[in-house]
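Student: I have a model open and would like to learn how to read its features. Could you walk me through some of them?

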Amino acid sequence: MQGNTKKNQTVISQFLLLGLPIPSEHQNLFYSLFLAMYIITILGNLLIIVLIQLDSHLHTPMYSLLSNLSFSDFCFSSVTMPKLLQNMQSQVPSIPYAGCLAQMYFFLFFADLESFLLVAMAYDRYVAICFPLHYTSIMSPMLCVSLVVLSWVLTTFHALLHTLLMARLSFCEDNVIPHFFCDMSALLKLSCSDTHVNELVIFITGGLILVIPFVLIVVSYARIVSSILKVPSARGIRKAFSTCGSHLSVVSLFYGTVIGLYLCPSANNSTVKETVMGMMYTVVTPMLNPFIYSLRNRDMKGALVRVLCKKKILFCL
């Protein structure tokens, strides 16, 4: 009996990623689409980071947080997209066991980092709109740095915790992951070990990492809207609702899919549904953030013009 157990618990050296349920005749079309989306994500977020670094007018707490968010989006998309694109052109879409755990770690790390940075940005906007006279003293450079450092430290420990818990599990003969990346819930379904501890930790830490930040963001923007409505100004109200609406749309897209996928799992969740939801927050959200947070922003457009003019003058000289 013991020999059969050892035989069944074969050491798996790699996993097979099934990827996206795309018909073979449409494979090249979707490959081109995802490649274009990834390039837009990379260029858009890099442009934001470069502009904030080069233009002194953008050396403020708000844009410092935005620069970190863009870096997070850049890395978050890069954790899954290159492997997805490679596997779409491969006959055997595999990933090594160690590579799978590494991908899961960095996926969790940058997803958590995005969550915390969105909270910090919501708080920054709350202070700027509700306490404009005290904004400089409250949102000091020290507080801004502390928020960013705290976000990095918490995400490091959270991602490491789940990765170590996953590493202790055994995987038997089934090594096919019905996803385009090493998703934590998909890996748990493949394990032949007891996964109750992993599931309990996901539920508990998920509440801390996802639900609480989401509630804080909603409360911050509810207070912002309430504050704006107290001062009747058509232009101010329009601007506030434009800012809040665009921010909350991305927040809802990111948190809604993640919470629905990991904290409210359903037996009816099909593989296709989970894959589509995964695409929404791993590919679509990082691509939309540069447009919503920055490229529509007057300060960012002004910085782009100033940087281009400066480069043009230097080129002429």
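Tutor: Gladly, and keep in mind that this is a predicted model. Let's begin with F171: its relative accessibility is 6%, so F171 counts as buried.

Student: What cut-off does "buried" rest on?

Tutor: Buried means under 20% relative accessible area. F15, at 1% relative accessibility, therefore counts as buried too.

Student: How many aromatic pairs does the structure hold?

Tutor: The structure holds 17 aromatic pairs. In one of them, F15 and F171 meet edge-to-face, with 5.4 Å centre to centre and 85° between the planes. This pair links distant parts of the chain, 156 residues apart: F15 sits in strand β1 (residues 14–17), while F171 lies in the loop between α6 (141–167) and β3 (176–177).

Student: Which residues do ring pairs link into a cluster?

Tutor: Look for F71, Y105, F106, F109, F110 and W152, which ring pairs join into a cluster.

Student: Let's try a polar residue. Is N87 buried or exposed?

Tutor: Apply the cut-off again: with a relative accessible area of 11%, N87 is buried. You will find N87 in helix α3 (residues 61–88). Setting aside neighbours within four places in sequence, N87 is in contact with L17, P93 and S94.

Student: And which residues form a nonpolar patch on the surface?

Tutor: That patch is formed by L200, F203, I204, L208, I212 and L216, and together they have about 600 Å² of accessible area. To find the patch on your screen, go to helix α8 (residues 196–230), where L208 has its place.

Note on methods
Residues numbered from 1 in each chain as written. Predicted model: local features only at pLDDT ≥ 70, side-chain atom pairs only at ≥ 80, totals over all residues. Heavy atoms only, no water. Patch = residues over 30% accessible without salt bridge, like charges linked within 9 Å, V, L, I, M, F, W, Y side chains within 5 Å. Areas by Shrake-Rupley, 256 points an atom, 1.4 Å probe, with all protein chains shown as cover. Salt bridge = Lys/Arg side-chain N within 4 Å of Asp/Glu carboxyl O. Helix = DSSP H or I, 4+ residues; strand = E, 2+ residues; numbered from the N terminus. Phe/Tyr/Trp six-rings, centres within 6.5 Å; stacked < 30°, edge-to-face > 60°. Buried < 20%, exposed > 50% of the residue type's maximum accessible area, 1.4 Å probe, protein only. Contact = heavy atoms within 4.5 Å.
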